[in-house]
Amino acid sequence: MVSHPSRHCTVELQALPSRIGQVRRIVSAQLRYWHMDPLIDRAALGVTELLTNVHRHAQPDKTCTVEMELVVDRLTVSVRDHDPRLPVVDDAEPLATCGRGLAMVAAVSESWGVRPDGESGKVVWFTLPTTVSAPARPARRTVADKPAHLFTEVEVTTDGLRPAHTPARSAVVG
């Protein structure tokens, strides 16, 4: 039984630099609307890389469609374009200024892939798990584990009237 219905968002655009920024903002806003804020950074990075590839490489035009689908425990983001050529993942040279986009998508996503879309296009997609685990917190110490902070005992002088001088200590624990 599915506890949450499928949620779907589609944006059609020309993969131009100014439009890529707009789509990144749309993706972020949609994820906020779905209460999936922990996914925003990774989804925005992934969609930016995929749209940049369309801008740089797609032929004959830069028209594409971005789709986001949220189903129970997974967000799938896909970019469909009209270029049937499938992307190739190469190892970028250390000083290269491009060529790492799909490797970045792979690094931030749970899975990714590409599939032909008819005879004149392809779909490049990635998934993100919606169950984001909380960052590890240091274990809390119990009261017994905390070091004991003792107050200095006051000694009485021989005349019984004045205490001997003792250094001041804080009464605040921890």
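**Packing of helix H3, the sheet and the nonpolar core**

Helix H3 packs its buried residues against helix H2 (40–57), E4 and E5. The model is a predicted one, and everything below is read from it. H3 itself covers residues 101–108, and its buried set is made up of Gly101, Leu102, Val105 and Val108. Looking down the axis of H3, these buried residues stay within an arc of 130°, so they line one face of the helix.

Zooming out, the protein chain holds 3 helices and 5 strands, strung together from the N terminus as β-α-α-β-β-α-β-β. Of the 174 residues in the protein chain, 29% are buried. The accessible surface adds up to about 12,100 Å², with carbon and sulfur atoms accounting for 56% of that. Contacts reach a fair way along the sequence, too: taking those between residues at least 6 apart, 59% link residues at least 24 apart.

The strands come together as an open sheet of 5, in the order E1-E2-E3-E5-E4, and the pairing is antiparallel. E1 and E4 sit at the edges with a single partner strand each, so one side of each has no neighbour in the sheet. On average, neighbouring strands are turned by 15° against each other, direction ignored. Helix H1 packs on this sheet and touches E1, E2 and E3, with its direction at about 170° to that of E1.

At the E4 end of the sheet, strand E4 (residues 111–116) pairs with strand E5 (residues 122–129) in the antiparallel sense, over 6 bridges. Within this pair, Gly113 stands opposite Trp125 in E5. The hairpin of E4 and E5 has 5 residues between the strands, and Gly118 takes a positive phi near 70° there.

Trp125 turns up again in the surroundings of Ser78, a residue of strand E3. Ser78 has a relative accessible area of 10%, and it counts as buried because the cut-off is under 20%. Setting aside neighbours within four places in sequence, Ser78 is in contact with Thr65, Val66 and Glu67, and also with Val123, Val124 and Trp125.

As for the interior, nonpolar side chains in soluble globular proteins tend to be buried together. Here, the largest nonpolar core counts 30 residues, and Leu31, Leu51 and Leu75 have the most contacts inside it. Two or more residues each come from E1, helix H1 (17–33), H2, strand E2 (63–71), strand E3 (74–81), H3 and E5. The most come from H2, which puts in 6 residues.

Leu51 gives a good look at this region. Beyond its neighbours within four places in sequence, Leu51 is in contact with Leu13, Ala15, Ile20, Val23, Cys64, Val66 and Val79. One of these partners, Leu13, is found in strand E1 (residues 7–14). With a relative accessibility of just 4%, Leu13 falls under the 20% cut-off and therefore counts as buried. Leu13 and Leu51 lie 38 residues apart in sequence, while their C-alpha atoms are 9.8 Å apart in space. The contacts of Leu13, again without neighbours within four places in sequence, are Arg19, Val23, Leu51, Lys62, Thr63, Cys64 and Val66. Val23, Cys64 and Val66 thus appear in the contact lists of both Leu13 and Leu51.

Conventions. Residues numbered from 1 in each chain as written. Predicted model: local features only at pLDDT ≥ 70, side-chain atom pairs only at ≥ 80, totals over all residues. Heavy atoms only, no water. Pairing = 2+ DSSP bridges. Helix = DSSP H or I, 4+ residues; strand = E, 2+ residues; numbered from the N terminus. Buried < 20%, exposed > 50% of the residue type's maximum accessible area, 1.4 Å probe, protein only. Arc of directions from axis to C-beta. Contact = heavy atoms within 4.5 Å. Core = buried A, V, L, I, M, F, W, Y, C linked by side-chain atoms within 4.5 Å. Axes fitted to C-alpha atoms, helices over the stretch in contact; angles between N-to-C directions. Areas by Shrake-Rupley, 256 points an atom, 1.4 Å probe, with all protein chains shown as cover.
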